[in-house]
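This report introduces a protein structure to a reader who has not met it before. Sequence and structure are displayed first, and the description follows under short headings.

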Amino acid sequence: MQHHSTYHLTQRSAQRFGKGVKSMLFLLLVAVLWFAAAGPAASLVQAAPAKNSTYQQVALYVNGNLQITVQRSQLVNGNTLYIPVKIMDRIPGITINYGSPLSLTGSKGSITINNSNSFQYAGVTYVQFKSLLAISDLESKFASSALALFIWDGDKGKAESSKILTNISQLPAGVGKKIGQKIYPFQYSGAYWITDISYDPGSTVYDNTAINSGGEEIQINANAPALDFVLESDLLTVQNWLRGQNVWFDNRNFNGSGVKHLEKLTFVSFQVDDDNNFSIVVRNAKGKLLGINVAADQDATKMALEYLFTKNPRSVYKWSNSVWNTISQNRVTSGMSREQVVMSWGLPIDANTYQSGSITYEQWIYNHNQYLYFWNGKLSSAQNL
């Protein structure tokens, strides 16, 4: 009789099983994230002033300082920058003249805000940035790889801006778009915004500088591709994708929530408390809102899919009602297949296999010294030690 470790075989079996439930999910996610890459301002696309216009949120720096604002600057159709009028008072040398008509004044003159140089969305007026330059002595540079606009009015502001721009120019493709984004660090409380990212090409470490709304600055050193924070834009992308959809709770990795295994729910939102603890808000069949605490992870999709199925497993696997009733109670019984056990208990922490002729004997080991034994792929017995 030979002994072979089958942990990897077991894992592959579980992965094949998981693909049946979630493969369509990941294909859909790729499409969602591809479109989301065009920028977090997806809602603006639906209210575009012209058909087929595209909008991307832009981080705004003034004299090297990131401006943390509710309204964000926009890059329209990949070539025209707009800045919200409401944040013009943060730009040196620019005066907002509230009246009829609304106008802006700089050191070189004034402009009236009209349909030719602006657009409106949700009560916010956005003005073309080039109109601002025409009436001022401001200098600027747009870092397209980071979707960040730098404005300065003197040598000091130029020097501070140049430091960040140099760091941006050294970042690998795609990394710069984290600049200016809102994050929830795992080791700190509250929201922060990434102001700078430095990178040593000879290593895999990113040095992220971030500040909160009170101006407190922190350093987060991250080993690529792992991060010690989650991007709010990633949370919103997954939240917008799942909002209002039926989901089925997967409590194999989390029990004690009061929600039954495979209970049908409706996804509502992600929620982050003041200490950056994450939860998923769902609504049950009775209309009651429930919060399910989830482990923090840089991958917002993983945070959701560790606890939720987006397709009813009962519709994927045509197992008997008695088997599903057993699974829904997180129990196992003799005669269950490997896939059915995984659906009820999840993957084992270790597994061993013994092969003798045409007979395959397996031992699966779970936490709390629980052992399951399989003969030719069917559960034969269980043991607690």
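## The sheet of E6, E7 and E8

Strand E6 and strand E7 (residues 103-106) are paired in the antiparallel sense, and three bridges join them. Within this pairing, Ile96 has Leu104 of E7 opposite. The model described here is a predicted one.

Both strands belong to an open sheet of three strands, ordered E6-E7-E8 and paired in the antiparallel sense. Strand E6 (95-97) and strand E8 (109-112) form the edges; each has a single partner strand, so one side of each remains without a neighbour in the sheet. From one strand to the next, the twist averages 25°.

## The chain as a whole

The protein chain has 385 residues, of which 45% count as buried. Its secondary structure consists of nine helices and 26 strands. Among the contacts in the chain with a separation of 6 or more, 48% are made by residues 24 or more positions apart.

## The sheet of five strands

A second open sheet to consider has five strands in the order E21-E20-E19-E18-E22, and its pairing is antiparallel. At the edges of this sheet are E21 and strand E22 (308-309), each of which pairs on one side only. Helix H5 (residues 232-242) packs on the sheet, where it touches strand E19 (264-272) and strand E20 (278-283). The direction of H5 makes about 160° with that of E19.

Strand E18 (residues 246-249) is joined to the edge strand E22 by two bridges in the antiparallel sense. One residue of this pairing is Trp248, whose bridge partner in E22 is Phe309.

## Val294 in strand E21

The edge strand E21 covers residues 289-294, and Val294 is found in it. Is Val294 buried or exposed? Its relative accessibility is 8%, and because buried means under 20%, Val294 counts as buried.

Which residues does Val294 touch, not counting those up to four places away in sequence? They are Phe278, Ser279, Ile280, Met303 and Tyr307. With one of them, Ile280, the separation can be given in two ways: Val294 and Ile280 are 14 residues apart along the chain, and 7.0 Å lies between their C-alpha atoms.

As background to the strands described above, the side chains of a regular strand alternate between the two faces of the sheet.

## Strand E13 and its two partners

Strand E13 (residues 182-185) pairs with strand E14 (residues 192-199) in the antiparallel sense, over two bridges. Lys182 has Trp193 in E14 as its bridge partner. E13 and E14 form a hairpin with six residues between the strands, and in this hairpin Gly190 takes a positive phi near 85°.

E13 also pairs with strand E17 (residues 229-231), in the antiparallel sense and over three bridges. Here the bridge partner of Tyr184 is Val230 in E17.

## Helices H8 and H9

Helix H8 (residues 321-328) packs against H9 at an angle of about 35°, and the axes of the two helices are 8 Å apart. On the side of H8, the contact involves Val323, Trp324, Thr326 and Ile327; on the side of H9, it involves Gln340, Met343 and Ser344. By type, the residues of this contact comprise four nonpolar, three polar and no charged.

Helix H9 spans residues 338-345, and its buried residues include Gln340, Val341, Val342, Met343 and Ser344. Just after H9 comes Gly346, with a positive phi of about 85°.

## The cavity

How many cavities of 30 Å³ or more does the structure hold? There is one. The largest cavity has a volume of about 30 Å³.

The lining of the largest cavity is made up of Val58, Ala59, Leu60, Gln67, Thr69, Gln71, Arg72, Ser73 and Ile87. Strand E2 (residues 55-62) supplies the largest share of this lining, with three residues. By type, the lining residues are four nonpolar, four polar and one charged.

Technical notes
Residues numbered from 1 in each chain as written. Predicted model: local features only at pLDDT ≥ 70, side-chain atom pairs only at ≥ 80, totals over all residues. Heavy atoms only, no water. Helix = DSSP H or I, 4+ residues; strand = E, 2+ residues; numbered from the N terminus. Buried < 20%, exposed > 50% of the residue type's maximum accessible area, 1.4 Å probe, protein only. Contact = heavy atoms within 4.5 Å. 1 Å grid on protein atoms, 1.4 Å probe; cavity = no way out; pocket = protein on both sides within 12 Å on 5 of 7 lines; lining within 4 Å. Points joined across faces, edges and corners; volume = space filled by probe spheres on them. Nonpolar A, V, L, I, M, F, W, Y, C, P; charged D, E, K, R; others polar. Pairing = 2+ DSSP bridges. Axes fitted to C-alpha atoms, helices over the stretch in contact; angles between N-to-C directions.
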